[in-house]
Amino acid sequence: MTMELDVFVGNTTIMDEEVYQLWLDGYTVNDAVKVRMDGGVMEECEASADVLLSDTMDQYRTFQMCERLLHSPSKLGNQLLFQIPPHRQAMLIERYYTFDDAFVREVLGKKLSKGTKKDLDDIGAKTGVTLKSCRRQFDNFKRVFKVVEELKGPLVENIRHHFLLSDKLARDYAAIVFFANNRFETGKRKLQYLTFQDFAFCAGQLISNWTVGAVGEPADHQRSFRFYMDVDLDKEFLQELKELKVLITDKDLLDQHKSLVCTALRGKTKAFNEMETNFKNLSRGLVNIAAKLTNTKDVRDFFIDLVEKFIEPCRSDRWTAADIRLYLTHYNNSAHILDTFKHQVVWDRYMGVVKSCIFKMYHD
Amino acid sequence: MPGKLKAKIVAGRHLPVMDRASDLTDAFVEVKFGNTTFKTDVCHKSLNPQWNSEWFKFEVDDEDLQDEPLQVTVLDHDTYSANDAIGKVYIDIDPLLCSEAASVISGWFPIYDTIHGIRGEINVLVKVELFNDLNRFRQSSCGVKFFCTTSIPRCYRAVMVHGFVEELVVNEDPEYQWIDRIRTPRASNEARQRLISLMSGELQRKIGLKVLEMGGNAVVGYLQCFDLEGESGLVVRAIGTACTLDKLSSGSAPNTNTHMHPNTAPASNACNSPSKDGKEPVFGEDLTSSSGPPTPFRALPTTSSSPPPFSPSKPCSRQSSSSDTDLSLTPKTGMGSGGSVGKEAGPLKTLLRQQTQTALEQREFPFFTLTSFPPGFLVHVGGVVSARSVKLLDRIHNPDEPETRDAWWEEIRQEIKSHAKALGCHAVVGYSESTSICEEVCILSASGTAAILNPRYMREGCLDIGITDHRFEEPSPPSCGFCHIPYDELNMPFPAQLTYCYLCRRQKVPDVLFTTIDLPPEAAVTGKGCLIQARLCRLKKKAQGEVNATAISNLLPFMEYELHTQLMNKLKLRSMNSLFGLHIQISVGENMLLGLASATGVYLTALPAPGGIQIAGKTPGELSNEHHILTIQKRINDTIAKNKELYQINPPKLFALDPEVFCGINMELTEEVVGSPIPEPRQRSRLFRSHSESSDEVSELDLSHGKKDAFVLEIDDTDAVEDIHSLLTDAPTPTGFYSCNTEIMPGINNWTSGVQMFTSVRVFRLSNANLTNQGLNKIFTDLCENLLKSFYFKLRSMIPCCLCQLNFTVAVPEEELIQVTVTAVAMTFDKDQTQEKTADKPPTKGGSETEEQLQFPLELCADSSSANCQPTSKISGVPESTNVSSRVSSLERCSPLPEGRSRSLRSSRSFGGSSVTVVKMTPLSFLPGTRIIKYLGIINMFFIRETTSLREEGGVSGFLHTFIAEVFSMVRAHVAALGGNAVVSYSMKECMLMENPNKNQAQCLINVSGDAVICVRETDQEPTPSTTNIGHTSASATDEAT
């Protein structure tokens, strides 16, 4: 039947989660009807294709009308147009902001600009995500970025508060915002093996340890809000990292460090020989990364550097994850015993993050 | 100066961006009442302005308070050019005028613009201080309560039921005034909205005055309608039932003992025996004997070939006052249209006489808009009475004297009354009126159920008007009482087959019973009920003026006949024997007429089992034909058997002594079922028929329904083919679903808390011109069937569930369009206990209990089990298992409620810091599992929405979808602002859509109404916490804003 008009409006807004997902995934009405038919929903209630089509259209219209509200989720709670029970509201928001890991992996660390948006159809083709869904996800990233970019206070909290997301999703968004803001390079071939969740973990580490907000109450001179937030890395800390260079420039210190580590490791791992021979190289690598972080360019390359300077050599020597754990723990701790090494606090702040990032990034 | 209205503008939120440069808005508010306007300061550069204004005070007459709405306009300040309007809020302050309703209006209202829809929200506080007015000649009627609910409202007791009140006001439609050519669509829409708001305020005030005059304090079953007559004007009319209500103290259990007192005229009739009634001259002329065959609905076809519709009323114009120009065209069709000139003049003369005697006028019509009654009130039900009349519209010349329209309705009401008389009834219950307008033609319709009300109530009412607290001590009548025929057996107004009542075996009952009321709570029902619809399209030639009106009025009787036949067939197909809530709508378009009859079919235990449907061929010789007939017959029989199972129709073994009958009932329906257990009436019924025939002018089309035990359809007849087709195309409701168009579903009473009210609209465009009646019928039937299928699918998550008060409205908005609008509520119930009432028990002892039971499942459990255990059931025929099972289930029912219920009903959606009150809406007069503790006043809202960017808004579907959602939200906001949490007896009276896709334009008008209430969960014994809760909520809302 060709219907000129066909609407159904409930006092409590009726929403089918399955149809919502299809809508979010960017299916057209007709495709969604097909998917639903294949899903066997027709048998449930002796429905015909007409009924299914009409229902799908209704729901799509409802979602489109809701979309405006979903852009600022706090409005959904006190708008009057739709009567939606709170748990449904939460579901709508959570699903709307949920993204495909495959998609986000492609745009992670990229500038959330029009230029990137133009590439979305390529990304869509590559990841198998529909263009419509890509656009929604990209716009979500951008929207969240814009809102929290200039807000004081803890990033995750800000996201959770403004977008009413679950803790997990808020953390993921924090990672996306953090990566986009610092433009970390994630697209290089050598980094392809890393998943979004790997990066999200690392971002979490960086946010909670290397940003201004991470330290706690800001010092007085940092009161200007641009400083007290955890979207940006702590510039002072990055400066202080230069001091760590002494670990590789001072020959005595380097040897002392090496012998301390080797003593501790001896007999505890099969890879001991490789560790001993590579110690100087690996240590130089890690300390150099730290020393260079004052350059924005080098910040961007942080992850690629970790892979090139540390993870790849270890992998070629077939270290196990346990080896890495053992080595880095002792490498970190031994530095405390060095009498002439004065930068213990900075060292710990640096190594704590690097250690956990490498653990996460080292896939056996 | 009897009143002071105070308003305070607190804050706004989510305002639209009015200044593109700054992406912000400089908003201020104008508050207008009558001719006084106040303004707030401009709140610069904010989308969430905080005005926190002073109290604006209006000193006004209470007359104005009743008529006028408070108008709140939000504007964007512009230094250089004119200020832009953002939108408006109209606040009806009527609820504040009644001490028992709301005391303050406070809350967030959607800011509405007729072009852009909802644009943000505004927080407003409104209060009224009324001064005592001792002026006896006052024009206002403050304090009279209005209820849309068509039963005695839950927390009230009816001290007296005074009777029918009606009023109408007319005006020019602003849309058709000359000025409309130069003003913007927005201005025109707003003028219209405002005018209608004013008119309905005025109407309500005038009805209130009538109620006060009658000594009442409330109007129940208030039904207000708009007739947009286009060029000829705008009519707002209302009917209702005047009552004196007493508020029950909230703590005590609702007591529905009632003392009914219709005015003296009907009461005096009531004193006479029903059979004499007909001979009693009322207007000095013997109406019944002279007005031919005023028949109940079921005998309708007797009048279908009635005399030319124009002739009867022509003389009226001569006799009526000079202002009536339209009366020359008063063709009347439908029942009893076979009147001749002389009689028609009678009522009209009376009418004119009475225009000066309004008090007398009230007694004219013993009509009740109620559809359910206190137990014992309804004695006998005669059947459906209805009347239709086709009129040509003409410009209303003098809006202050709406005589023409009044006269039209008077005429129809007189007709209804005389039909009721012919049925031996002195009253009409479940009465309603409606119109259908197309260009200059208007069909006026009225229908109701002829009934005899308890004469004892009435006599006493007459004698002791002063005694208000009279208690009716007699045991309630047997559950079959209302089925017993009110008319004289020997002088039947129409052919029917009478049998002795299957319950009491003392009185006669008809074989089928059609009514417009709800199933009386005490009625004994077998199995479950279901929605039954008859649908019909008839093409007509396009014509103008009188020719058109004649064509329409000629078609009407045939349509009614066919609808009736369809209903009858479908009823039998479902093995049921009565219809409740029957509503027949006939809608007129330029080139077709649409007829839709909806009702809830029920198997009344007191009535005989319906016979089957038998197919007969005219040419028995042909073999192929025979075969064809056999196939159809088999299909029909199968369907009947299936339906019996589906609706659990297993008539109790009432006549255990009479094995023959017992067999008959359970017999396979392939054979003709002996419809009457008492062989004797058959011959006599023939006798009656001949009798009635002799008194009839026409009997050729006389119904076959009464003649035969089984219904015979002759297959050679094309009509019959069509009938059979439409019979068999009705898809059964999917498992887990039930549907009805009445308040309560017969056979289901254990509702759980799930409630989903919805509105659905479909418009179908007929594709080509060469459509036949049959093709159209098919399209129309499919349209309705598909709608139902859609509902079942959408609501599948609520299974087991019942769609109640399914209200279908059809319209022909344009030449090739058919519009169907449905409002209904889906309610969940507890499946395990559906068996309980299937084999209905005899009436429980206390009548008041019975009513309560049906509405409140929780109370029911305690009551019913105890009642069942009492040895009161003198009437046998109840399967014994019922008692036991109900007892067990009652225990279960007391167990903790399902999860959804654990939260308070008045829970607020709190999310992201703010909160919105959840407002439930239902077309029923109750919400399952809850108790209404306060009625806050009537909600009656009229909105217009227009767009010039139809495509951008998602086409006409997107446009209407948004609009309906907006209307819902505005209703909810108003209810919440009154402190309520639900709307009961909600209905969408009008949904008129006009579109012009080529111009990218559309316009829609919606009118909704209902009763705003506060309800608490059934289990909450103390209602007070909830009330204070409300205070908190509103307070917190304002706190938030400030």
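# A tour from the shared sheet outwards

Begin by selecting helix α4 of chain A, residues 49–70, which lies across β1 of chain A together with β26 (751–765) of chain B and runs at about 65 degrees to β1(A). Keep in mind throughout that this is a predicted model. With those two strands still in view, add helix α20 of chain B, residues 955–977, which packs on the sheet and touches β1 of chain A together with β26 of chain B, its direction making about 25 degrees with that of β1(A).

**The sheet with strands from both chains**

Now show the sheet itself, an open one in which five strands follow the order β1(A)-β26(B)-β28(B)-β27(B)-β25(B), with mixed pairing. Its edge strands, each pairing on one side only, are β1 (3–10) of chain A and β25 (737–739) of chain B. On average, and with direction ignored, neighbouring strands of this sheet are turned by 20 degrees against each other. For a closer look at one edge, select β25(B) with strand β27 of chain B, residues 801–811; the two run parallel and are joined by three bridges. Within this pair, B:Tyr738 stands opposite B:Cys802 in β27(B).

**The interface between the chains**

Colour the two chains separately and select the residues where they touch: 59 residues of chain B are in contact with 43 residues of chain A. Between them the chains bury about 4,600 Å², with 60% of that area on carbon and sulfur atoms. Five salt bridges are found across this interface, while a search of the whole structure finds 46 over all chains.

Next select A:Asp55 and B:Lys794, whose side chains meet in a salt bridge at 2.6 Å, N to O. Because A:Asp55 lies in helix α4 of chain A and B:Lys794 in helix α16 of chain B, residues 773–794, this pair joins two chains. Are these two residues buried or exposed? A:Asp55 is buried, at a relative accessible area of 1%, and B:Lys794 is buried as well, at 9%. To see what else is linked here, extend the selection to the network of salt bridges that connects A:Asp16, A:Arg36, A:Asp55, A:Asp58, A:Arg61, B:Lys794 and B:Arg796.

**Two salt bridges inside chain B**

Moving into chain B, select B:Glu433 and B:Arg413, whose side chains meet in a salt bridge at 2.6 Å, N to O. This pair links distant parts of the chain, with B:Glu433 in strand β15 (residues 427–438) and B:Arg413 in helix α9 (residues 403–422) of chain B, 20 residues apart. B:Glu433 counts as buried at 4% relative accessibility, and B:Arg413 counts as buried at 3%.

Then select B:Glu562 and B:Arg538, another salt bridge, in which the closest N and O atoms are 2.6 Å apart. Here too distant parts of the chain are linked, since B:Glu562 belongs to helix α11 (residues 545–573) and B:Arg538 to strand β20 (residues 525–539) of chain B, 24 residues apart. Both residues count as buried, B:Glu562 at 16% relative accessibility and B:Arg538 at 10%.

**A second sheet in chain B**

Zoom out to the whole of chain B, which has 21 helices and 34 strands, and in which 64% of the 1042 residues count as buried. Within it, select the open sheet of four strands in the order β31-β33-β34-β32, again with mixed pairing. At the edges stand β31 (920–921) and β32 (930–947), each with a single partner strand, so one side of each is left without a neighbour in the sheet. β32(B) pairs with strand β34 of chain B, residues 1001–1017, in the antiparallel sense over 16 bridges, and the bridge partner of B:Lys934 in β34(B) is B:Ile1014.

Helix α20 of chain B returns at this stop, lying across β31, β32, β33 (982–996) and β34 of chain B and running at about 145 degrees to β32(B). Add helix α2 of chain B, residues 185–214, which lies across β32 and β34 and also runs at about 145 degrees to β32(B).

**A helix in chain A**

Finish with helix α21 of chain A, residues 321–337, whose 17 residues reach 25 Å from the first C-alpha to the last, close to the 24 Å expected at 1.5 Å a residue. Among its buried residues are A:Tyr327, A:Leu328, A:His330 and A:Tyr331. To see what covers the buried residues of this helix, display elements including α17 (251–265), α18 (272–292), α20 (302–316) and α22 (344–361) of chain A.

How values were computed
Residues numbered from 1 in each chain as written. Chains lettered and ligands numbered in written order. Predicted model: local features only at pLDDT ≥ 70, side-chain atom pairs only at ≥ 80, totals over all residues. Heavy atoms only, no water. Pairing = 2+ DSSP bridges. Axes fitted to C-alpha atoms, helices over the stretch in contact; angles between N-to-C directions. Contact = heavy atoms within 4.5 Å. Expected span 1.5 Å × (residues − 1). Buried < 20%, exposed > 50% of the residue type's maximum accessible area, 1.4 Å probe, protein only. Buried area = accessible area lost by both parts, 1.4 Å probe. Salt bridge = Lys/Arg side-chain N within 4 Å of Asp/Glu carboxyl O.
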